[in-house]
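Below is a short report on one protein model. Look at the sequence and the fold, then read on.

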Amino acid sequence: MPVRRKPSLSDIERKLIAATSSENQVKAIVTFLCYLGEKCVNRARLNDTYMDQTGNLRSSIGYCVIYNGAIQKLSCQEASKGTDKSTGVREGETFLRDLAREQQKGFALIIVAGMNYAIYVEAKGFDVLTGSRLYAEKQLPVLMRQLKVDD
């Protein structure tokens with residue numbers, strides 16, 4: 001029977017440290033993207049440039065964090081005011097899940113206004129998501145440098 005060389009304890013330790021570091025880095029990036037998603041969504045929901053009578057438009061604003069095709073976090077919440085907020089939540093979640101299916105590799109943060117008329121509200125000069133998108137574009141590189149993640 002031939003003698004097989006088993007990995008040394010230091011080899012095993014090195015592999016465990018590498019795996020743990022990698023897992024911790026993934027968790028840190030997911031946490032960071034959730035933080036950025038929450039900040040953007042809160043900015044958009046609190047934006048007071050348009051009247052939202054039913055609450056659907058603000059309720060449809062949400063975000064999703066995906067890593068290698070798996071949803072890590074999905075968030076849409078009912079607005080504080082309005083007559084029919086649950087429709088907005090449902091539309092926002094559906095839109096997020098549809099877009100999430102397209103993200104199969106790496107990390108993704110998706111922020112949406114799920115009501116189909118959101119683009120028309122924006123076209124009239126009201127800020128539904130534009131301000132939040134600009135905020136995210138400014139904050140992403142800053143936070144990535146803090147995490148020391150390459151672009």
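In which sense do E1 and E3 pair, and over how many bridges? The pairing of E1 with E3 is antiparallel and runs over seven bridges. The model behind these values is predicted.

## Overall make-up

Five helices and three strands make up the secondary structure. Along the sequence they follow the pattern α-α-β-β-α-β-α-α.

The protein has 151 residues, and 35% of them count as buried. It exposes about 10100 Å². Carbon and sulfur atoms supply 54% of that area. Among contacts with a separation of 6 or more, 64% join residues 24 or more positions apart.

## The sheet

The three strands form an open sheet, in the order E2-E1-E3, with antiparallel pairing. Strands E2 (70-76) and E3 (107-113) stand at the edges. Each has a single partner strand, so one side of each is left without a neighbour in the sheet. On average, neighbouring strands are turned by 15° against each other, direction ignored.

## Strand E1 and its partners

E1 covers residues 61-67. It is mostly covered: six of its seven residues are buried. Toward E3, Ile61 stands opposite Ala113.

With E2, strand E1 pairs in the antiparallel sense over six bridges. Here Tyr67 stands opposite Ala70. The two strands form a hairpin with two residues between them. In the turn, Asn68 has a positive phi of about 50°.

## Helix H3 on the sheet

Which strands does helix H3 lie across? H3, residues 85-100, lies across E1, E2 and E3. Its direction is at about 160° to E2.

## Asn56

Is Asn56 buried or exposed? Its relative accessible area is 7%, under the 20% cut-off, so Asn56 is buried. The residue is placed in helix H2, which spans residues 56-59.

The side chain of Asn56 reaches the backbone oxygen of Asp84 at 3.4 Å. Leaving out residues up to four places away in sequence, Asn56 touches Asp84, Lys85, Thr87, Gly88, Met115 and Tyr117. Of these contacts, Lys85, Thr87 and Gly88 fall within the 85-100 range of H3.

## Summary

E1 sits between E2 and E3 in the sheet order. It pairs with E2 over six bridges and with E3 over seven. Helix H3 lies across the three strands. Asn56, in H2, is buried and its side chain reaches the backbone oxygen of Asp84.

How values were computed: Residues are numbered from 1 along each chain as its sequence is written. This is a predicted model: local features need pLDDT of at least 70, side-chain atom pairs count only at pLDDT 80 or more; totals for chains, interfaces and linings use all residues. Side-chain values use heavy atoms; hydrogens and water are left out. Two strands pair if DSSP finds at least two bridges between them. Helices (H or I, at least four residues) and strands (E, at least two) are DSSP runs, numbered from the N terminus. Axes are lines fitted to C-alpha atoms, for helices over the stretch in contact, and angles run from 0 to 180 degrees between N-to-C directions. Contact means heavy atoms within 4.5 Å. Buried means under 20% relative accessible area, exposed over 50%, partly exposed in between (1.4 Å probe, protein chains only). Accessible areas come from the Shrake-Rupley method with a 1.4 Å probe; for residues, only the protein chains shown count as cover. A polar contact is a pair of N or O atoms within 3.5 Å; within protein, one must be able to donate a hydrogen and the other to accept it, and residues adjacent in sequence count only if both atoms are side-chain atoms.
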